[in-house]
Amino acid sequence: MHEEIIPLLRSLKENGTLIGLISNCFSEEAAEKFGMRAVQAVWYLRDGIGQPIGRKAGFLQMETPMQVLDEIKKVR
């Protein structure tokens, strides 16, 4: 697990942000149906886990877990 995941979850809780799901896989269609914007977490690519998929074109890409907080602040 990336070292920033726990601080990210703590910050979301402290800010009163409700979470439906955090995952390293996603469905663009499901996100749209629930009024969410799908983004791609790419920090694991740098961690060298050897995932079969690389960066997906057309998606905002999160380089670190804490970058999620920055994106949430933009929409609040």
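# Exercises on a predicted model

M1, I6, L9 and I19 together make a nonpolar patch on the surface, with about 420 Å² of accessible area between them. Keep in mind that this is a predicted model. Grab the structure above and work through the exercises below.

## Exercise 1: A residue of the patch

Find where I19 sits in the chain, and decide how far it is covered.

*Solution.*
Step 1. Look at the loop between α1 (5-14) and α2 (28-33): I19 is found there.
Step 2. Take the relative accessible area of I19, which is 43%.
Step 3. Buried means under 20% and exposed means over 50%, with partly exposed in between. I19, at 43%, is therefore partly exposed.
Step 4. Link this back to the surface: I19 belongs to the nonpolar patch with M1, I6 and L9.

## Exercise 2: The overall layout

Describe how the chain is built, starting from the N terminus.

*Solution.*
Step 1. Count the elements: the chain has 4 helices and 2 strands.
Step 2. Put them in order from the N terminus, and you get α-α-β-α-β-α.
Step 3. Check how much is covered: of the 76 residues, 28% count as buried.
Step 4. Turn to the outside. The accessible surface of the chain comes to about 5800 Å², and 55% of that belongs to carbon and sulfur atoms.
Step 5. Now for contacts with a separation of 6 or more: 38% of them are between residues 24 or more positions apart.

## Exercise 3: The nonpolar core

Which residues make up the largest nonpolar core?

*Solution.*
Step 1. List the members: I5, A41, W43, Y44 and M62, 5 residues in all.
Step 2. Here's the background idea: in soluble globular proteins, nonpolar side chains tend to be buried together.
Step 3. Pick I5 and look at what it touches. Setting aside residues up to four places away in sequence, I5 touches W43 and P65. W43 is also a member of the core.
Step 4. Pick Y44, which lies in helix α3. Its relative accessibility is 11%, so Y44 counts as buried.
Step 5. Look across from Y44 to H2. These two are 42 residues apart in sequence, yet their C-alpha atoms are 7.6 Å apart in space.
Step 6. Follow H2 itself. H2 lies in the segment before α1 and counts as buried at 18% relative accessibility. The side chain of H2 reaches the backbone nitrogen of E4 at 3.0 Å.

## Exercise 4: Helix α4 and its partners

Work out which residues of helix α4 (residues 67-75) are buried, and what they pack against.

*Solution.*
Step 1. The buried residues of α4 are Q67, L69, E71 and I72.
Step 2. They pack against α1 and β2 (61-62).
Step 3. Follow I72 to one of its contacts: T17 touches L12, I72 and R76, not counting residues up to four places away in sequence.
Step 4. Place T17: like I19, look for it in the loop between α1 and α2. With a relative accessible area of 17%, T17 is buried.

## Exercise 5: Two salt bridges

How many salt bridges does a search of the whole structure find, and which residues form them?

*Solution.*
Step 1. The search finds 2 salt bridges.
Step 2. In one, the side chains of E63 and R55 meet at 2.9 Å, N to O. E63 is partly exposed at 27%, and R55 is partly exposed at 45%.
Step 3. In the other, K74 pairs with E71, and the closest N and O atoms are 3.0 Å apart.
Step 4. Why are K74 and E71 about one helical turn apart? Because they are 3 residues apart in helix α4.
Step 5. Compare the cover of this pair. K74 counts as exposed at 61% relative accessibility, whereas E71 counts as buried at 14%.

## Exercise 6: A glycine in a loop

Locate G54 and list what it is in contact with.

*Solution.*
Step 1. G54 has its place in the loop between α3 (43-46) and β2.
Step 2. Its relative accessible area is 35%, so G54 is partly exposed.
Step 3. Leave aside neighbours within four places in sequence: G54 is then in contact with Q40 and L45.
Step 4. Finish with a distance. G54 and V42 are 12 residues apart along the chain, and their C-alpha atoms are separated by 8.1 Å.

How values were computed:
Residues are numbered from 1 along each chain as its sequence is written. This is a predicted model: local features need pLDDT of at least 70, side-chain atom pairs count only at pLDDT 80 or more; totals for chains, interfaces and linings use all residues. Side-chain values use heavy atoms; hydrogens and water are left out. Patches are made of residues with over 30% relative accessible area and no salt bridge: like charges are joined within 9 Å, nonpolar side chains (Val, Leu, Ile, Met, Phe, Trp, Tyr) within 5 Å. Accessible areas come from the Shrake-Rupley method with a 1.4 Å probe; for residues, only the protein chains shown count as cover. A salt bridge is a side-chain nitrogen of Lys or Arg within 4 Å of a carboxyl oxygen of Asp or Glu. Buried means under 20% relative accessible area, exposed over 50%, partly exposed in between (1.4 Å probe, protein chains only). A nonpolar core is a set of buried Ala, Val, Leu, Ile, Met, Phe, Trp, Tyr and Cys residues joined through side-chain atoms within 4.5 Å. Contact means heavy atoms within 4.5 Å. A polar contact is a pair of N or O atoms within 3.5 Å; within protein, one must be able to donate a hydrogen and the other to accept it, and residues adjacent in sequence count only if both atoms are side-chain atoms.
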